[in-house]
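Visitor: Got a minute to walk me through this one? I'd like the overall picture before the details.

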Amino acid sequence: MPDPRILKIITADQSGCELVKFAEQTAQTLVKNNLRNTQIRNIFTEVRKISALRTQDPDAALRRLQMLKPKLAYQAARQHQVKLLKDVLSEAVDQVTQIEDPTRRDEAFVRFMDLFEAILAYHKAYGGRN
């Protein structure tokens, strides 16, 4: 069942208020689950590469974004602390990739990046271990 909060964040949260609140709650849980900074940073590095590719080759970037889901599933299977992050990001990827209009999809991808950056920042702020 899709999370309506993630749908709203990716498609309708103009102010970013929902995004910030959701990212903070998610990060607090990730810290409690002992997710390490290196675990989240490895995934974030891949997402940054996808973001850079987006301007050069949007179709390739969309494919790589879709391929992030199996990579997240693999990491979550190896390290249970990654499961919540996998669930959140996989749902957000689904929301982005389901948008047909390229302009709206690009806006949704920016919100996806904002969400991930906010989770990463709050994770660090709440004492995420290295």
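Guide: Sure, starting with a yardstick: the radius of gyration is taken over C-alpha atoms, and the globule rule is 2.2 Å times the number of residues to the power 0.38. Keep in mind that this is a predicted model.

Visitor: OK, what radius of gyration does the protein have, and what would a compact globule have?

Guide: The protein has 14 Å, which agrees with the value near 14 Å for a compact globule of 130 residues. Along the principal axes, its C-alpha atoms fill a box of roughly 40 × 30 × 25 Å.

Visitor: How many helices and strands?

Guide: There are 6 helices and 0 strands, so the order from the N terminus reads α-α-α-α-α-α.

Visitor: And how much of the protein is buried?

Guide: Of the 130 residues, 44% count as buried. About 7300 Å² is exposed, with carbon and sulfur atoms supplying 51% of that.

Visitor: Switching topic: how many aromatic pairs are there?

Guide: The structure has 3. One of them is Phe44 with Phe116: the ring centres are 5.1 Å apart and the planes sit at 85 degrees, so this pair is edge-to-face.

Visitor: Where in the chain are those two?

Guide: Phe44 is in helix 3 (residues 37–56) and Phe116 is in helix 6 (residues 102–125), so the pair links distant parts of the chain, 72 residues apart.

Visitor: Are Phe44 and Phe116 buried or exposed?

Guide: Both are buried.

Visitor: Last thing, what about charges: how many positive and negative side chains?

Guide: The protein has 21 positive and 16 negative ones, and the centres of the two sets lie 9 Å apart.

Conventions:
Residues are numbered from 1 along each chain as its sequence is written. This is a predicted model: local features need pLDDT of at least 70, side-chain atom pairs count only at pLDDT 80 or more; totals for chains, interfaces and linings use all residues. Side-chain values use heavy atoms; hydrogens and water are left out. Rings of Phe, Tyr and Trp (its six-membered ring) pair if their centres lie within 6.5 Å; planes under 30 degrees apart count as stacked, over 60 as edge-to-face and the rest as tilted. Helices (H or I, at least four residues) and strands (E, at least two) are DSSP runs, numbered from the N terminus. Buried means under 20% relative accessible area, exposed over 50%, partly exposed in between (1.4 Å probe, protein chains only). Accessible areas come from the Shrake-Rupley method with a 1.4 Å probe; for residues, only the protein chains shown count as cover. Lys and Arg count as positive and Asp and Glu as negative; His and the chain ends are not counted. The place of a charge is taken as NZ of Lys, CZ of Arg, CG of Asp or CD of Glu.
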